[in-house]
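Got the viewer open? Set it to cartoon with sticks on demand, and we'll go from stop to stop, selecting as we go.

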Amino acid sequence: MGVIDHISDMFDCSTGSHSKHKRRKQLQTVEVKVKMDCEGCERKVRRSVEGMKGVSSVTIEPKQHKLTVVGYVDPEKVVARVAHRTGKKAEIWPYVPYDVVAHPYAQGVYDKKAPAGYVRRVDDYQSNQLQRASSTEVRYTTAFSDENPAACVVM
């Protein structure tokens with residue numbers, strides 16, 4: 001907020017006492033996961049969000065069970081509206097492209113239900129799940145390895 005806005009708020013002569021300005025919503029893309037089996041489901045999901053205030057465009061990808069809404073909307077309101085109007089389970093799109101994740105096959109990240117090229121989004125990723133083996137573990141593992149020429153001959 002700039003200086004001129006601050007001064008104009010101080011000398012505002014509008015009715016009521018110091019009313020706060022409504023924050024304008026920003027244009028954003030909201031991606032929602034909704035299970036759609038047929039064209040009737042697609043139509044139902046599309047109509048549930050087309051009437052929302054601030055929606056610019058609606059795109060549906062039925063193979064991925066994905067609804068994309070572009071406009072001046074709140075993501076939580078979009079999800080709530082789809083769930084209420086259609087009776088289907090709706091959630092914010094939980095997947096990110098495979099290339100974005102450092103360890104796509106880590107526990108909790110890989111999801112076999114995800115569309116091709118996507119893995120599950122994990123915000124609170126625990127890096128300690130992928131710790132390196134300790135030096136003693138490495139010594140015992142390589143001691144009985146077939147690739148080690150000085151390995152134990154008992155095997």
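Before any clicking, one cut-off: a residue counts as buried when its relative accessible area is under 20%, as exposed when that is over 50%, and as partly exposed in between. Keep in mind too that this is a predicted model.

**Stop 1: the whole chain**

Colour by secondary structure. You should find four helices and six strands, and walking along the sequence gives the pattern α-β-α-β-β-α-β-β-β-α. The chain has 155 residues, of which 23% count as buried. The exposed surface comes to about 12300 Å², with carbon and sulfur atoms supplying 51% of it. If you switch on a contact map, take the contacts between residues at least 6 apart in sequence: 52% of those join residues at least 24 apart.

**Stop 2: Trp93 and its neighbours**

Select Trp93 and show it as sticks. Is Trp93 buried or exposed? Its relative accessible area is 1%, which is under the 20% cut-off, so Trp93 is buried. Now add Tyr95, which is buried as well because its relative accessible area is 3%. A pair of aromatic rings is described by the distance of the centres and the angle of the planes. The chain has one aromatic pair, and you are looking at it: Trp93 and Tyr95 sit edge-to-face, 5.2 Å centre to centre with 80 degrees between the planes.

Next, add Lys66. This residue lies over the face of Trp93, at 4.9 Å from the ring centre.

**Stop 3: strand E3 and the strands beside it**

Select residues 66-71, which make up strand E3. Five of the six residues of E3 are buried, so this strand is largely enclosed by the rest of the structure.

Bring in strand E1 (28-34). E1 and E3 run antiparallel and are joined by six bridges. Two pairs to label here: Val32 has Leu67 as its bridge partner in E3, and Val30 stands opposite Val69.

Then bring in strand E2 (55-61). Six bridges join E2 to E3, again in the antiparallel sense. Label Glu61, which stands opposite Lys66, the residue you left over the Trp93 ring.

E1 has another partner to show: strand E4 (residues 90-92), paired antiparallel over three bridges. There, Lys33 has Glu91 as its bridge partner.

For a look inside E3, pick Thr68. With 11% relative accessibility, Thr68 falls under the 20% cut-off and therefore counts as buried. Leaving aside residues up to four places away in sequence, Thr68 touches Thr29, Val30, Glu31, Ser57, Val58 and Thr59.

**Stop 4: the turn at His65**

Follow E2 into E3: the two form a hairpin with four residues between them. Select His65 in that loop. What is the sign of phi at His65? Positive, at about 55 degrees, although His65 is not a glycine. Most residues other than glycine have a negative phi. His65 counts as partly exposed because its relative accessibility is 25%, in between the two cut-offs.

**Stop 5: the nonpolar core**

Hide the turn and show Val32, Val49, Leu67, Val69 and Val78 as spheres. Of the 18 residues in the largest nonpolar core, these five touch the most other members. Which elements give two or more residues to this core? They are strands E1, E2 and E3 together with helix H2 (39-50) and helix H3 (75-86). In soluble globular proteins, nonpolar side chains tend to be buried together.

Centre on Val69 for a closer view. Apart from residues up to four places away in sequence, Val69 touches Gln28, Thr29, Val30, Val49, Val55, Ser57 and Val78. Two of the names you just put in spheres, Val49 and Val78, are in that list.

**Stop 6: out to Arg120**

For the last selection, go to Arg120 in strand E6 (residues 118-120). Arg120 is partly exposed, because its relative accessible area of 28% lies in between the cut-offs. Draw a distance from its C-alpha to that of Pro97: they are 23 residues apart in sequence and 8.7 Å apart in space.

Note on methods
Residues numbered from 1 in each chain as written. Predicted model: local features only at pLDDT ≥ 70, side-chain atom pairs only at ≥ 80, totals over all residues. Heavy atoms only, no water. Core = buried A, V, L, I, M, F, W, Y, C linked by side-chain atoms within 4.5 Å. Buried < 20%, exposed > 50% of the residue type's maximum accessible area, 1.4 Å probe, protein only. Contact = heavy atoms within 4.5 Å. Areas by Shrake-Rupley, 256 points an atom, 1.4 Å probe, with all protein chains shown as cover. Phe/Tyr/Trp six-rings, centres within 6.5 Å; stacked < 30°, edge-to-face > 60°. Lys NZ or Arg CZ within 6 Å of the ring centre and 35° of its normal. Pairing = 2+ DSSP bridges.
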